[in-house]
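Dear colleague,

I am passing on the structure we spoke about, and below it you will find my notes on what was found in it. Please read them with the model open beside you.

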Amino acid sequence: MGKLEVIAHPLIQHKLSILRRTDTSTKAFRELVDEIAMLMGYEVLRDLPLEDVEIETPITKTIQKQIAGKKLAIVPILRAGIGMVDGLLSLVPAAKVGHIGMYRDEETLKPVEYLVKLPEDIDQRQIFVVDPMLATGGSAILAVDSLKKRGASHITFVCLVSAPEGVKALQEAHPDVDIFTAALDDHLNDHGYIVPGLGDAGDRLFGTK
Ligand code: PRP
Ligand code: URA
């Protein structure tokens with residue numbers, strides 16, 4: 001079973017509370033998503049492999065550590081996942097970025113995939129799928145399906161707000177995928193929205209409603 005980790009650092013909790021508020025502007029929402037993704041990145045990336053490197057300090061030559069240069073990919077689920085990309089890229093600027101576009105059919109709540117554009121060597125990369133919301137889990141599951149169909153195997157899912165229903169569904173469908181979230185909320189309402197949640201992440205990020 002994939003691991004579920006709630007990254008409940010005080011800075012993240014504080015920023016998340018502002019993010020959730022109805023009166024937070026689009027501009028502030030965008031900035032907060034970026035900042036929280038960056039803060040989460042510190043934990044999400046903590047298992048990056050290191051290698052030895054010989055360097056010279058003003059005093060002596062010494063063997064120290066550097067990131068092993070393993071190939072990474074950040075894959076946002078459009079639209080809202082886009083808001084989390086820059087925060088992670090600021091930590092790993094050499095990572096490649098793939099895109100998976102999907103939206104939830106408002107009646108069935110099932111995701112509909114409309115775009116997949118990935119780095120050519122996606123099967124050789126360690127992949128971080130990002131989306132602020134894990135609600136029913138349908139979008140995350142389909143995104144991971146899509147990546148695995150293209151040969152990907154080392155996949156981590158990173159979100160800001162999750163519902164227990166979505167966590168369970170993703171863990172059952174893809175037990176090999178670890179999940180990092182900034183908050184595990186209470187439940188889903190009848191419309192598939194996370195409660196208390198933050199509303200529609202895509203609309204709030206892009207100001208479309
Ligand atoms: C939101 C969110 C996730 C999905 C989560 O996207 O960004 O992708 O819903 O819900 P699920 O876990 O039940 O699948 P939405 O469908 O609103 O698309 P948008 O980002 O383009 O607005
Ligand atoms: N998608 C969102 O943007 N918000 C929710 O609460 C659920 C799905």
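**A loop residue, a helix residue and two ligands**

Thr-24 is placed in the loop that runs between helix H1 (10-20) and helix H2 (26-44); please bear in mind throughout that this is a predicted model. With a relative accessible area of 12%, Thr-24 counts as buried, because that value falls under the 20% cut-off. A polar atom of the Thr-24 side chain lies 2.5 Å from the backbone oxygen of Ile-18.

Val-33 has its place in helix H2, and Val-33 is likewise buried, its relative accessible area being 1%. Along the chain Val-33 and Thr-22 are 11 residues apart, and their C-alpha atoms are separated by 15 Å.

Turning to the ligands, I begin with ligand 1, which has 16 residues around it, and of these Arg-79, Arg-104, Asp-131, Thr-136 and Ser-139 come nearest. At least two residues of this shell are supplied by each of strand E6 (99-104), strand E9 (133-134) and helix H4 (138-149), and E6 gives the most, with 3 residues. Divided by class, the shell around ligand 1 holds 7 nonpolar, 5 polar and 4 charged residues.

Among the polar contacts of ligand 1, an N or O atom in the side chain of Thr-136 is 2.5 Å from an oxygen atom of the ligand, while an N or O atom in the side chain of Arg-79 is 2.8 Å from an oxygen atom of ligand 1. The backbone also takes part, since a polar backbone atom of Ala-80 is 3.4 Å from an oxygen atom of ligand 1. Taken alone, ligand 1 exposes 500 Å², of which the protein buries 92%, and ligand 1 sits in the largest pocket.

Ligand 2 also sits in the largest pocket, where the residues that surround ligand 2 are Arg-104, Met-133, Ala-135, Gly-192, Tyr-193, Ile-194, Gly-199, Asp-200 and Ala-201. By class, the shell around ligand 2 divides into 5 nonpolar, 2 polar and 2 charged residues.

For ligand 2 the contacts to look at involve backbone N or O atoms: that of Ile-194 lies 2.8 Å from an oxygen atom of ligand 2, that of Ala-201 lies 2.8 Å from an oxygen atom of the ligand, and that of Gly-199 lies 2.8 Å from a nitrogen atom of ligand 2. Taken alone, ligand 2 exposes 240 Å², and the protein buries 89% of that.

With best regards

Key: Residues are numbered from 1 along each chain as its sequence is written. Chains are lettered from A and ligands numbered from 1 in the order in which they are written. This is a predicted model: local features need pLDDT of at least 70, side-chain atom pairs count only at pLDDT 80 or more; totals for chains, interfaces and linings use all residues. Side-chain values use heavy atoms; hydrogens and water are left out. A residue is near a molecule or strand if one of its heavy atoms lies within 4 Å of it. A polar contact is a pair of N or O atoms within 3.5 Å; within protein, one must be able to donate a hydrogen and the other to accept it, and residues adjacent in sequence count only if both atoms are side-chain atoms. Accessible areas come from the Shrake-Rupley method with a 1.4 Å probe; for residues, only the protein chains shown count as cover. On a 1 Å grid over the protein atoms alone, a cavity is a set of points where a 1.4 Å probe fits but cannot get out, and a pocket is an open set with protein on both sides within 12 Å along at least five of seven lines; lining residues have an atom within 4 Å of a point. A molecule sits in a cavity or pocket if more than half of its atoms lie within 2 Å of its grid points. Ala, Val, Leu, Ile, Met, Phe, Trp, Tyr, Cys and Pro count as nonpolar, Asp, Glu, Lys and Arg as charged, and the others, Gly among them, as polar. Helices (H or I, at least four residues) and strands (E, at least two) are DSSP runs, numbered from the N terminus. Buried means under 20% relative accessible area, exposed over 50%, partly exposed in between (1.4 Å probe, protein chains only).
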